[in-house]
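Welcome, and thanks for taking a look at this one. Please have the sequence and the 3D view open side by side, and we will walk through the main points together.

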Amino acid sequence: MFLTRRFYWAMGLVAFVMAAGVLYEPLLVVGQWLFVALAAALTVDALLLYIAARMVAKRECAARFSLGDDNEVRIVVANRSPIGLDMEVVDELPPQLQQRDFSLKTRLKAKEGKTLTYSLRPLERGVYAFGKVLLFVSTRMGLAQRRIRTALPVEVKVYPSFLMLRKYELMAVSNNFAEVGLKRVRRAGNNTEFEQVRDYVQGDDYRTINWKATARRSHLMVNSYQDERSQQIFSVIDKGRLMQQSFNGMTLLDHAINAALVLSYVAINRQDKAGLVTFADQFDTFVPADRRPTQMQLILESLYNQQTSFGEADYSMLCPNVNRLVGKRSFMMLYTNFTDYKTLERQLPYLRLFNRHHRLLVVFFEDVELEDFTRTPSHSMEELYQHVVGEKLLYERRLIASTLMQNGIHSLLTSPEHLTVNAINKYMEMKSRQLLV
């Protein structure tokens, strides 16, 4: 049982009236009667809460949440009492969310039920433990409040962004990728795999006309081509300390994992084989490239609990381990980060060796906050020096991309926010130009 703020306000009023009775005696009697009335009302309120109030509630949510997305949680409450009740619902949220003042308020009539909905946006992968659902119930008098514990604790696993994956899946069905910024890339020539001979339709390239089939069928027939299939596409994720940098509440590793998951789906949808490699100071996870129906679930489970390390990534052991496990020349999309040009110089010999055996695309990140800072005006000599240093660091990012290209290594410099779309566009562009192997 808890006394509410309304009770304390009423008790304060009674105390004020009784105190005024020192100066004007009739008010003392009024104050006494008010005190008796308040005590009687509190007794009736408490009895109603303990005898008549019957509440039930349950929590409904998915067994797994999607990282960085809004995940819906529902609290279903029912008032089985013959009286109307006011209620404050407190859901004991997982400690990773750091929300200590979360509550939902509602009013239920007699024998009425409601569904209260809210959403959570987890920013870390792992297991999230919900506690119980607490109901703080009061009558319309509102002098006392009763706490009712209901709904058992439950654990929910937070996976990489599979909600984003579903969005791309729906767009693949409707062929409407332009909504998220994916570009249509014209195929560079007709030296891809032959698919079929079909009827000519307006807009087809005249160079694809099949004259023999046209003569046999007495109307125009054209050769239809498709991008080469069954190429091996690996997402290689650096889990070193440089990937711990945060953007919009999520680490660069989390952004890379979400992008790798969507890229794997797009690759499989385009008849390529998707695989996964993760590494830090040790060679960690390896998922062979495949396009079987269970491949996406295997990649999702492999990415579920990946964590960054506090050491620097060891590129010297990456190439020999990948070459030992991947015999065929493949497309490797490496998600990593460079703080400055010196960082690239240390890793460049290993990247060149890696690119010699496979087609390598290095994806690294723009420092969005630093770019925003350099655009602000300088108001002091100290800020001017800070701007100069910031612009030097941004120049080194562009120099890194240029150096990689000079060494025959493809690169993609992108913001974490647009990583997924830019990575898929780059993959589709290189696939259309036959640059994946």
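A good place to begin is Tyr 335, which touches Ser 235, Val 236, Ile 237, Asp 238, Met 243, Ala 256, Ala 259, Ala 260, Leu 263, Val 363, Leu 419 and Ala 423, leaving out residues up to four places away in sequence. Please keep in mind that this is a predicted model. The notes below start from the core around this tyrosine and then turn to helix faces, salt bridges, the cavity and a few single residues.

**Nonpolar cores**

- Tyr 335 is one of the residues with the most contacts inside the largest nonpolar core, together with Ile 237, Phe 331, Met 333 and Tyr 427. This core has 41 residues.
- Which elements each supply at least two residues of this core? They are strand S14 (232-238), helix H5 (252-269), strand S17 (273-279), H6, strand S19 (331-335), strand S20 (359-365) and helix H11 (419-432).
- H5 provides the largest share of the core, with 13 residues.
- A second core, separate from this one, has 31 residues, including Ala 57, Val 77, Met 87 and Met 250.

**The buried side of helix H6**

- Helix H6 spans residues 295-303, and its buried residues include Gln 295, Met 296, Ile 299, Leu 300, Ser 302 and Leu 303.
- Why do these residues lie on the same side of H6? They cover an arc of only 165 degrees around the axis, which puts them on the same side of the helix.
- As a general reminder, an α-helix has 3.6 residues a turn, so residues three or four places apart point the same way.

**Salt bridges**

- How many salt bridges does a search of the whole structure find? The search finds 16.
- Glu 60 pairs with Arg 74 in a salt bridge, with 3.3 Å between the closest N and O atoms. This pair links distant parts of the chain, since Glu 60 sits in strand S2 (residues 55-61) and Arg 74 in strand S4 (residues 71-79), 14 residues apart.
- Both partners are partly exposed: Glu 60 has a relative accessible area of 27%, and Arg 74 has 29%.
- Glu 60 and Arg 74 also belong to a network of salt bridges that links them with Lys 58 and Glu 72.
- In helix H10 (residues 381-406), Lys 392 and Glu 396 lie four residues apart, about one turn of the helix. Their side chains form a salt bridge with an N to O distance of 2.8 Å.
- Glu 396 is buried, at 12% relative accessible area.
- Another salt bridge joins Arg 433 and Glu 429, at 3.0 Å from N to O. Arg 433 is partly exposed at 44%, and Glu 429 is partly exposed at 27%.

**The cavity**

- The count comes to one cavity of 30 Å³ or more.
- The largest cavity holds about 70 Å³ of space.
- Its lining is made of 13 residues, and those nearest the centre are Asp 238, Leu 242, Ala 313, Tyr 315 and Asn 337.
- Asp 238 also appears among the residues that Tyr 335 touches.

**Single residues to look up**

- Is Arg 359 buried or exposed? Arg 359 counts as buried, at 17% relative accessibility, and is found in strand S20.
- Apart from neighbours within four places in sequence, Arg 359 is in contact with Arg 329, Ser 330, Phe 331, Met 332, His 410, Met 430, Leu 435, Leu 436 and Val 437.
- His 219 is in the loop between helix H4 (211-217) and strand S13 (221-226), and is partly exposed at 35% relative accessibility.
- Leaving aside neighbours within four places in sequence, His 219 contacts Asp 199 and Thr 214.
- The C-alpha atoms of His 219 and Leu 419 are separated by 47 Å, and the two residues are 200 residues apart along the chain.

**Positive phi angles**

- Gln 98 is not a glycine, yet has a positive phi of about 55 degrees. Gln 98 lies in the loop between strand S5 (85-91) and strand S6 (104-108), and is exposed at 55% relative accessibility.
- Lys 111, also a residue other than glycine, has a positive phi near 60 degrees. Lys 111 is in the loop between S6 and strand S7 (113-120), and is exposed with a relative accessible area of 58%.

Technical notes:
Residues numbered from 1 in each chain as written. Predicted model: local features only at pLDDT ≥ 70, side-chain atom pairs only at ≥ 80, totals over all residues. Heavy atoms only, no water. Buried < 20%, exposed > 50% of the residue type's maximum accessible area, 1.4 Å probe, protein only. Arc of directions from axis to C-beta. Salt bridge = Lys/Arg side-chain N within 4 Å of Asp/Glu carboxyl O. Core = buried A, V, L, I, M, F, W, Y, C linked by side-chain atoms within 4.5 Å. Contact = heavy atoms within 4.5 Å. 1 Å grid on protein atoms, 1.4 Å probe; cavity = no way out; pocket = protein on both sides within 12 Å on 5 of 7 lines; lining within 4 Å. Points joined across faces, edges and corners; volume = space filled by probe spheres on them.
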